[in-house]
Amino acid sequence: MNHQIPEHPPPAPAPDPQPKKRRGKIALVALAGVITTGVVLGIVVPGVAEPEPLPPVDATISIDLDTAVNQFPGTLALGAGVDGLEEGEIDRVWTPKNVQAMKTAGFGPISYRLRTELGVKAWHWNPRGTWSDAAAQQGYWVSSDEPLDDYRASQGYRLPRRGNTIDQAKNDGYSRLSDGNPATFWKSNPYLDSHFTGEADDRNPQWIMAVFRQAVPIDTVQFDWGTPYAAAFKVQYWSGKDAHFPVDDGKWVDFPQSAHEGAGGSQTVRIAPEPLPVQYVRIVLTRDSDTAPAGSTDVRDKLGFALNELAIGQTTADGFVDHVVHEASQGQTEMWTSSTDPWHSVADIDKHYEHASFERLFGSGITNGQPMMVPAPALYGVPEDAAALVSYLKKRGYPVKRVEIGEEPDGQLAQPEHYGALYVQMASAMKKVDPTLEFGGPGYQTTLPAWVHWPNDNGVRSWTGRFVSYLRARNAMEDFDFYSFEWYPFDDVCADPSAPLAEHPKLLKELLAREEQAGLPPDIPKVITEYGYSSFAGQVELELPGAMINAETAALFLTLGGETSYYYGLEPNWVFQEKEGQKCNSWGNLMMLQFYDNWNLRPLAAFYAARLVNEHWVLKGGGNHTVYTATSDIHNSKGQPLVTAYPLRRPDGTLSVLLFNKDPNRTLKVRLMHKTNGGQEVIKGDLELDQYSAEQYVWHPTPGQKNGGYPDPSQPPSSKVIHADNNATFTLPPRSISVAVTQR
């Protein structure tokens, strides 16, 4: 297994110990001819003064310098992500001036995010390429691996055989299963057929799920089959609360007359003698007809399943009552499918899915000379195109070390085994071009408390456990070089951020522990490929609490053994509102640089917080940083720490501590101490202290007007020196980020 795992050697030996200098007046007395202090072998000598007690503080920060928990190479472990934008925005955003502003945040490597994968789109990463049906300019697309001129921007393409109503991007598409048009159809991904997977189709069958707004009486299903059709299938209903997020004990249950043979064409089947009240219906497709449309010359045309339209309802004395709403819009009955055929045509271009070209990214200097993590589509790509992408990058000479395969497959209800089958094919194709590449995934969207799927035959729900089991069963673990997920822990952008700030460390710690318990090998490098306060836009992301979550995520992840994290929001953007913020009129965005007026630019709280982490807490550039743990003795009413701290020993030997005061109102006096010989000792020497709080930054919202709001004041963090005679004692402003560094 080609894992690049940072070793955890013991901390470097401390300098030769120097005599401890006690503060206060200490009398020296002669005892048996020996000059000594007032305590000898536990005997208190009369007339000798004890050291003066340290002044009281609100909290003591206790640092354990005896046990290193991780090591990382400075800002090379602190990256940021870039993503797709709307039509025409790439040219507006990626100007030299804006790129320079992005670079000043101090991030290291770059992760290229794949918005097309979220929007059920095919990605033409190079607008030049070939169609499998070249004459009609349609079919399966493979971008050209020949680097010619800079294409500046690439686009996504709609999939006309789409199965899902919902997507994770603009969510402006719809399923062809319930669009009311018998001339359109859904088709499953041919790369999940036994022809490509090498395993029986009924081992991991394809499926369709219909979701009604509430339970409706169901006893009949009508199919208008396409080609190929299902030669065998069964119909089930969900026994739990919510089949989208099956965190309870729900499971799929066969209807009384569940199993049927498929006949093609129009087919009606009775699935229950009497109607059952059901909200979620699943049709499991276990065997395909292996037939192709007339005139087909591509084997992929006959692989999988195709269905023109689906009706689900009940048979009454007056005939069939269809409960499915058939509309070519989001108003249709919600449909989900196990996969979608990536077939499309030149007419399906959607320029609202626009990505910057690789030439533009590497040429801008935003990658800082480091290898960029690049994406390869899993759900809506083909292996040949992934191989061409690697070949293209090699020919350009661009430094690429890692490829993340897919993005958020769990959010699209993809089955772990289906993703695994596509992952293996993509990795194999790319590895043939460059055997040195490392591959990873799944790139989960954030779901608390865990990433789960419907239970398999053994009752296993863990997405990670089943994905890892799939790879193991196919001897493919050597292609699982890193584990990736996104971290947006708080969905409610209207909530008071005090509780989220306090519970944040525990959430991430417990999530990683659960993943290892579910089967994630502990030696797999862990990567957060996107992080922020929430995946939804809200005002809190423009304020100090959002910046605090960003900064703490980077530090916390390293403390928990993580390898690299990538901040999401590097590119400048506009303040806007989405439906999650409407109930409280909250406008925001995940960003550190705000566009205002005529595409002007100004820094926000997330920008200055990033600089604190990247250029004050961490020694900029490479070099080994050793991570330790710290605890504080001040808590809220729930027992959660009000002050969290993250200490490092930097390459220059200095101790650097990142601190967060999560109390919204109180200024807290703290003292830095380290554990020694069963006790604690004050951190010695002067401290350079940088702090960021409401004294430097306040966001003023103007919902729906004047750019959505503005910061005032908006100043860099304050800086001062805490001298040694202060005994490493200083104050933390309310809701603030601080970095204290010992001087050399």
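Which strand holds Q257? In this predicted model, Q257 is found in strand β17, which runs over residues 252-261. A wider view of the chain helps to place this residue and a few others.

**The chain as a whole**

The protein chain has eleven helices and 44 strands. Its radius of gyration is 29 Å, close to the 27 Å that the globule rule gives for 744 residues, so the chain is as compact as a globular protein of that length. Taken along the principal axes, the C-alpha atoms fill a box of roughly 110 × 60 × 55 Å. Of the 744 residues, 56% count as buried, and the accessible surface comes to about 29,600 Å², of which 50% belongs to carbon and sulfur atoms. Among contacts between residues at least 6 apart in sequence, 78% join residues at least 24 apart.

**Two residues in strands**

The table sets Q257 beside T337, which has its place in strand β22.

| Residue | Strand | Relative accessible area |
|---|---|---|
| Q257 | β17 (residues 252-261) | 33%, partly exposed |
| T337 | β22 (residues 334-337) | 3%, buried |

Not counting residues up to four places away in sequence, Q257 touches R270, I271, A272 and P273. Q257 and D58 are 199 residues apart in sequence, and their C-alpha atoms are 68 Å apart in space. T337, with neighbours within four places in sequence left aside, is in contact with G163, N164, L177, W186, W207 and I208. A polar atom of the side chain of T337 also lies 3.1 Å from the backbone oxygen of S339.

**Nonpolar cores**

In soluble globular proteins, nonpolar side chains tend to be buried together. The largest nonpolar core here has 125 residues, and those with the most contacts inside it are W94, F358, I405, F480, F485, M592 and W617. Helix α10, residues 544-559, gives the most to this core, with ten residues. A second, separate core of 27 residues includes F223, F255, A272 and V324; of these, A272 is also one of the residues that Q257 touches. Returning to W617, its contacts beyond four places in sequence include A555, L558, Y646 and V739.

**Helix α7**

How far apart are the end C-alpha atoms of helix α7? They are 26 Å apart, which agrees with the 26 Å that its 18 residues, 416-433, should span at 1.5 Å a residue. Because 13 of the 18 residues of α7 are buried, this helix is largely enclosed by the rest of the structure.

Methods:
Residues are numbered from 1 along each chain as its sequence is written. This is a predicted model: local features need pLDDT of at least 70, side-chain atom pairs count only at pLDDT 80 or more; totals for chains, interfaces and linings use all residues. Side-chain values use heavy atoms; hydrogens and water are left out. Helices (H or I, at least four residues) and strands (E, at least two) are DSSP runs, numbered from the N terminus. The expected span of a helix is 1.5 Å times one less than its number of residues. Buried means under 20% relative accessible area, exposed over 50%, partly exposed in between (1.4 Å probe, protein chains only). Contact means heavy atoms within 4.5 Å. A polar contact is a pair of N or O atoms within 3.5 Å; within protein, one must be able to donate a hydrogen and the other to accept it, and residues adjacent in sequence count only if both atoms are side-chain atoms. A nonpolar core is a set of buried Ala, Val, Leu, Ile, Met, Phe, Trp, Tyr and Cys residues joined through side-chain atoms within 4.5 Å. The radius of gyration is taken over C-alpha atoms; the globule rule is 2.2 Å times the number of residues to the power 0.38. Accessible areas come from the Shrake-Rupley method with a 1.4 Å probe; for residues, only the protein chains shown count as cover.
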